[in-house]
Structure formats: C-alpha cells, structure tokens
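Reader: I'm new to this one and would like a close look at a single part. Could you pick one strand, walk me through its surroundings, and then show me how that part of the picture leads to the other chain?

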Amino acid sequence: MRRQAAIFSALLAALALPGSALAAEAPASGDTDSATVGIIGTVPAMCFGGTLTGDGTFDLGVLVDLTTGQLRTDLSAPNKLLVGSFCTSRSSITVSATPLEAQNYTAAAPNGFSRVVHYQASAAGWTALPATYNTGAASNAAATQSRSTAFTGDITVAISNFSTAGGASLRLVGDPSYRGVVTVTLAAVN
Amino acid sequence: MKCKPGLALIVLAAFPATAIAQTTETGTVAVEGQVRPVCVLGDPNPALVNLGQLSANSGPRTGRIAVIAPRTVTLPASYCNFAGSVVSVTATALTSNDTSAPQPGFARAVNYTASASNWASGTSTATTAALRDGTVPTASGFGATQPLPKIADITLTLSSFTAPGDLILVAGNYSGTVVVTLGPAAFPNEDN
C-alpha cells in the first residue's frame with residue numbers, strides 16, 4: 001500500500017504541475033534565437049608620395065670646370081629619400097624631369113655655348129627596376145614601372161649622367177641659377 | 001423462506017453505484033498543457049551597417065584607419081518567456097575581399113567591439129582581435145543572466161574600430177558579421 005501511494009502521489013504531482021516539470025528540464029536548443037548583422041566598409045585605392053628628406057633640393061654647386069668652362073665630369077649630389085611612401089593597391093611609379101636651364105640667361109646661347117644641362121633622374125626602391133628618365137632622351141620607356149601589390153617603403157631619388165645639351169665640347173653660359181625639377185608620381189591602379 | 005431477507009441484502013450491496021448515480025455529485029477532470037521555453041530576437045534594424053570609408057583620406061593618418069563613430073543596431077521586442085536567459089555575441093572582424101597576404105606594413109582586417117545591452121545587467125561584449133592577414137577574426141562573449149522572463153529592445157553597439165598594429169589598410173571592400181544569440185543561460189557555456 002505504501003508503494004502504491006507513492007506512485008499515485010508522483011502521478012498527481014506530474015499532472016498538477018506540468019510547468020514545474022518542464023522548468024526543471026534543460027531547455028532544448030530550439031529555445032534559442034539568433035540574428036545576424038552585416039558590417040561593410042571600403043578602403044579606397046590611394047597613394048602617398050612620402051616625405052622628402054632634406055630641403056628638397058639637389059644642390060650641385062658649381063657646374064663647370066673653372067679651367068675649361070665646360071661641364072664638370074664629377075658632378076654629383078646626395079640622393080633624396082621619399083620616406084613612408086605607400087599605395088594601398090597595385091600601383092605605378094613614374095619619374096619625370098626637366099633639364100637644368102639657366103634661369104637668367106634665357107636667350108639662345110651663342111655659338112660654342114649652351115645654357116642647358118641634361119641628366120638622368122631615377123626613383124628606386126618601389127619596383128624591381130628603378131623608374132628612370134633622361135631629360136635629353138627622345139623617349140623614356142623606363143620612366144614608368146608597375147607594381148602588382150600594395151606597398152610601403154622609402155623611395156630613393158637620384159640624379160646622374162650629366163651632359164651638356166648640344167655636346168660635351170660646349171661651354172655653359174654664366175648664370176647664378178641653373179634649375180631643373182624632378183617629379184616622382186605614385187599612382188594607384190584599380 | 002428464511003433465506004429471502006438475506007438475498008435482498010446482497011443485491012443492494014452489489015449495486016451501490018446505481019443508487020448513487022441517481023443523486024447530484026461533482027466530478028473532476030484535469031486540464032493540462034505546456035508552454036515551451038522560447039526566445040525570439042527582433043529583426044535587426046538595420047540588418048546591414050555600412051561604415052563607409054574605413055581609412056583616412058588626408059592628414060598624418062592617411063591610409064590608416066579613420067575615426068569611425070559607433071553604430072547602433074536595435075533588435076526590437078526581443079523576448080524570452082522563461083527565467084535564466086542570456087545574450088551572447090559573436091563578432092567577426094571586417095576583412096578585405098582581397099584575400100592575398102598583405103605586404104609588410106599593411107593590414108587587411110578591421111577589429112571592433114560589439115556590445116549588446118538592455119537585456120541583463122551589464123552588457124554582452126565581444127572584441128575581435130584579427131591579425132593583420134585577417135586570420136583569427138572571430139571573438140565571442142556573453143553577459144549576465146536575466147533572472148526573469150523579459151521582453152525588451154536589445155541594443156547592439158559597434159565601436160572601437162581599429163586596424164591590427166594600426167597598419168595601413170589595403171584597398172578593397174571589407175565585410176564582417178555580428179551574430180547575436182538569445183537563449184538559456186546554459187547555452188553559452190556549452191561551447192566552452
């Protein structure tokens with residue numbers, strides 16, 4: 001009799017308190033709900049040319065051999081750096097330059113003289129081959145070089161291979177200021 | 001004949017129910033049902049968060065991650081009909097659609113913190129910590145247990161956007177996800 005009473009009591013409790021019985025169970029996985037929120041954004045292709053070291057000038061000093069009046073053969077200037085240059089995508093680097101020209105003596109140079117000095121400008125460190133541009137060349141196929149990946153680094157800008165326009169035998173007209181410009185361009189390629 | 005009165009007594013004793021049915025009486029019928037424990041999340045509004053441009057356009061931080069204002073997503077009228085529920089958050093960092101390994105100095109991931117509030121005390125928070133190559137993008141977290149059945153608008157806040165190492169971000173379209181889960185308190189621990 002005691003056993004039967006116990007069974008009856010359990011049955012009664014189950015019938016009377018179904019909620020309590022469920023609450024005691026571990027909730028099934030279906031009791032869970034999820035929602036997904038998407039997040040998007042863009043980073044555009046962009047390039048930064050970097051910060052130029054020094055005062056931004058290649059100072060070649062006196063251009064001529066004072067004994068001959070002709071262009072010095074040992075002209076040089078320390079390289080410049082474009083520090084922290086980067087492109088966030090594949091890119092191209094292009095170097096261009098204008099010859100050194102007398103800024104005050106603007107008339108045509110007399111026979112035997114020249115008022116223009118050509119040179120080669122190069123930008124290295126961005127691509128396997130440096131971009132080069134010769135101010136005296138008819139064309140400069142190597143002026144633009146391509147890179148297939150995003151990149152950041154320093155670009156070394158150099159000038160070299162100086163030559164007198166019109167021929168090495170010409171003398172340069174006297175002028176306190178010969179000036180040219182080297183331009184390095186980084187371009188993102190989509 | 002002496003036996004007849006004894007027989008009549010036996011008959012009466014054999015049909016007592018018939019005699020009772022002819023009187024007023026009350027019976028009890030049990031009625032039972034169930035209410036399953038349920039949690040329902042409201043549809044996220046908005047379901048897609050567009051952060052726009054992630055990198056700075058100019059200034060000293062050009063190319064690096066810009067200052068991105070926090071964004072808020074609401075999951076309205078979310079509820080659980082039982083005591084002991086919890087919100088968990090699984091956040092996946094934004095990564096670029098360009099899956100190639102980034103060059104040195106670059107990152108292709110944007111990390112952030114996803115935080116769900118207004119369910120229990122405190123928040124359910126996950127902060128992603130993807131590496132610069134976009135690996136290990138996912139992080140999870142959950143908050144305190146809600147001790148009562150509850151219905152409320154859950155607020156999901158996305159904030160603290162950063163790039164691994166504060167590196168320059170490679171160009172591309174970036175995407176990530178946040179999964180908000182509402183369920184029994186035991187649920188978040190099942191994966192642990």
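Author: **One strand and its neighbours**

Val117(A) stands opposite Thr164(A) in E11(A). That pair is a good way in, and the strand to follow is E8 of chain A, residues 116–124. Before going on, note that this is a predicted model, where local features need pLDDT of at least 70, side-chain atom pairs count only at pLDDT 80 or more, and totals for chains, interfaces and linings use all residues. Residues are numbered from 1 along each chain as its sequence is written, while chains are lettered from A and ligands numbered from 1 in the order in which they are written.

Helices (H or I, at least four residues) and strands (E, at least two) are DSSP runs, numbered from the N terminus; two strands pair if DSSP finds at least two bridges between them. With E11(A), E8(A) pairs in the antiparallel sense over seven bridges. Strand E6 (residues 100–102) of chain A also runs antiparallel to E8(A), joined by two bridges, and here Glu101(A) sits opposite Val116(A). Then there's E9 (residues 131–134) of chain A, antiparallel to E8(A) again, with four bridges; Ala123(A) has Ala131(A) as its bridge partner there. Six residues lie between the strands in the hairpin of E8(A) and E9(A), and Gly125(A) takes a positive phi near 105° in it.

Eight of the nine residues of E8(A) are buried, so this strand is largely enclosed by the rest of the structure. Buried here means that 20 or more other C-beta atoms, placed from the backbone, lie within 10 Å of a residue's own (12 or fewer makes it exposed, and in between is partly exposed).

Now for the other chain. The contact takes 30 residues from chain A and 52 residues from chain B, where two residues are in contact if their C-beta atoms, placed from the backbone, lie within 7 Å. On chain A's side, helix H2 (18–23), strand E1 (33–43) and our E11 (151–164) each supply at least two residues. E1(A) gives the largest share, eleven residues.

E1(A) also pairs across the chains: eleven bridges join it to strand E11 (residues 172–184) of chain B, and the two run antiparallel. Within that pairing, Ile39(A) faces Gly176(B).

As for chain B itself, it has three helices and eleven strands, and 38% of its 192 residues count as buried. Among its contacts between residues at least 6 apart in sequence, 77% join residues at least 24 apart.
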